[in-house]
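Hi everyone, thanks for making the time. I'd like to walk you through a structure that will be new to most of you, so have a look at it on the screen.

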Amino acid sequence: MPGGVSSPVRSFASVGGEPFFVRSGRGARVRDADGRSYIDYVMSYGPHLFGHVPDFLRRALSKAARGGTSFGAPTELEALLAERVAKAVASIEMVRFVNSGTEATLSAIRLARGATGRKRIVKVEGGYHGHADSFLVSAGSGVATLGIAGSPGVPDEIAALTTVVPYNDASALEEAFRRFPGEIAAFIVEPLAANMGVVRPRPGYLAAARDITRRDGALLIFDEVISGFRLAPGGAQELYGVSPDLTTLGKILGGGLPVGAYGGPRELMEKMAPVGPVYQAGTLSGNPLAMSAGLAMLREIARRPPYAELERKGALLEALLCERIEEQGLSARVALVREGSLLTLFFGEGPMTDFASVKRSDTGRYAGFFHAMRERGIFLPPAQFEAWFVSTAHGDADLRRTARAAAESLAEAFAARLGPSDAPGV
Ligand code: PMP
């Protein structure tokens, strides 16, 4: 396995050191192969809204496994989950299930291109939409933290069809549409940016994106692979009150199993095969294990909406961390950005509004902080430009322990002299 991993960020390449191997997870904790336990804020990068393997999920999966794992024929479970998704997300009338966030976004832009007859897509700098060719242009997440500009293997001709604009800048978006009138199939954006670290949308930005795309006849795609079901049952579009044409989902929708989905109005979705001519398919798409996990998650969300609790816990962690940051006189050197249960501690001066501002963060210091936290039993994302995920399983005592560890770790990170190998700047 290249780098010993199935996905690059897991290798600790941007913070250095050896990754631990996880043996198991339960609630807010993971245990490694050496028996050490960590309070987990990586949380598989998003699916575990209720922590690792809550009982309702384990029961749903055991039941589903007894009935078979995959058939290549439709099942009732898919229909039940589709109904729930359409009910939860206001802009979705019809949905197609796939196996990952990447599949969801690449299918959504194929649909956008098929529906509009246009080729160009617009994305934001530091936005991450999975690893399909069209998105590996000024991308966030692992692409940003590993300092990869694009990727060899993406033909220039394909990359040239992706126009990149700064996040939170409606005039730059307008300018892109002025430059390529009638050529842009879609603007794809994470309504809450969460792959350059967490960066919130400026008031009015998403509404402006809605207007600009509509005026030009382009589609607005909200990539809610992280924000879907996390910020509200209807996702970021519900929280911010802006409705896209297409939505991509993943993560929580699969409760930790490989699931993605894209959806929108019937008129658009019926352009997909077999009703329409735009092709997209999948051997394991909608498999009963994944669908059961998704159903169990959405039923739990409907039964016990976790959003007030997640907001309270997110706010508590933010308050505790900010207290420690102030105590140590670090307010000008560390900035915390949070929305609900997603947050990032940037080792740079705020305000964080776009990729240019977050990129000034001192990634070498973040690496020091990461390792100091790890030594204290706290597992943070092994990269500056990722979100921390709080779940309902994180108890107040966990959050307080995290803040105490952070106080010591900040002191350690800022006391350390940086060697040449961990100098800041990706
Ligand atoms: N879109 C967003 C917003 C994401 O955060 C991610 C993954 N973190 C993806 C798409 C790709 O999803 P996957 O890794 O499941 O392919």
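Let me start with a small question: which residue in β12 does Val337 stand opposite? It's Thr344. Before I go on, please keep in mind that this is a predicted model.

So, what surrounds that pair? Strands of a sheet pair through backbone hydrogen bonds, either parallel or antiparallel. Here we have an open sheet of three strands, in the order β11-β12-β14, and the pairing is antiparallel. The edges are β11, residues 335–339, and β14, residues 388–389, each with a pairing on one side only. Between β11 and β12, which covers residues 342–346, there are five bridges. And lying across β11, β12 and β14 you'll find helix α11, residues 307–327, which runs at about 175° to β11.

Okay, over to the ligand. Around it sit Ser100, Gly101, Thr102, Tyr128, His129, Gly130, Glu190, Asn195, Asp223, Val225, Ile226 and Lys251. If you sort that shell by type, you get three nonpolar, six polar and three charged residues.

Now for some distances. A ligand nitrogen is 2.6 Å from a side-chain N or O atom of Asp223. With Lys251, again to an N or O atom of the side chain, a ligand nitrogen comes to 2.7 Å. For Tyr128 the partner is a polar backbone atom, with a ligand nitrogen 3.4 Å away.

And how much of the ligand does the protein bury? On its own the ligand exposes 390 Å², and the protein buries 81% of that.

That's my tour, thanks for listening!

Note on methods. Residues numbered from 1 in each chain as written. Predicted model: local features only at pLDDT ≥ 70, side-chain atom pairs only at ≥ 80, totals over all residues. Heavy atoms only, no water. Near = heavy atom within 4 Å. Polar contact = N/O pair within 3.5 Å; in protein donor to acceptor, adjacent residues only side chain to side chain. Areas by Shrake-Rupley, 256 points an atom, 1.4 Å probe, with all protein chains shown as cover. Nonpolar A, V, L, I, M, F, W, Y, C, P; charged D, E, K, R; others polar. Pairing = 2+ DSSP bridges. Helix = DSSP H or I, 4+ residues; strand = E, 2+ residues; numbered from the N terminus. Contact = heavy atoms within 4.5 Å. Axes fitted to C-alpha atoms, helices over the stretch in contact; angles between N-to-C directions.
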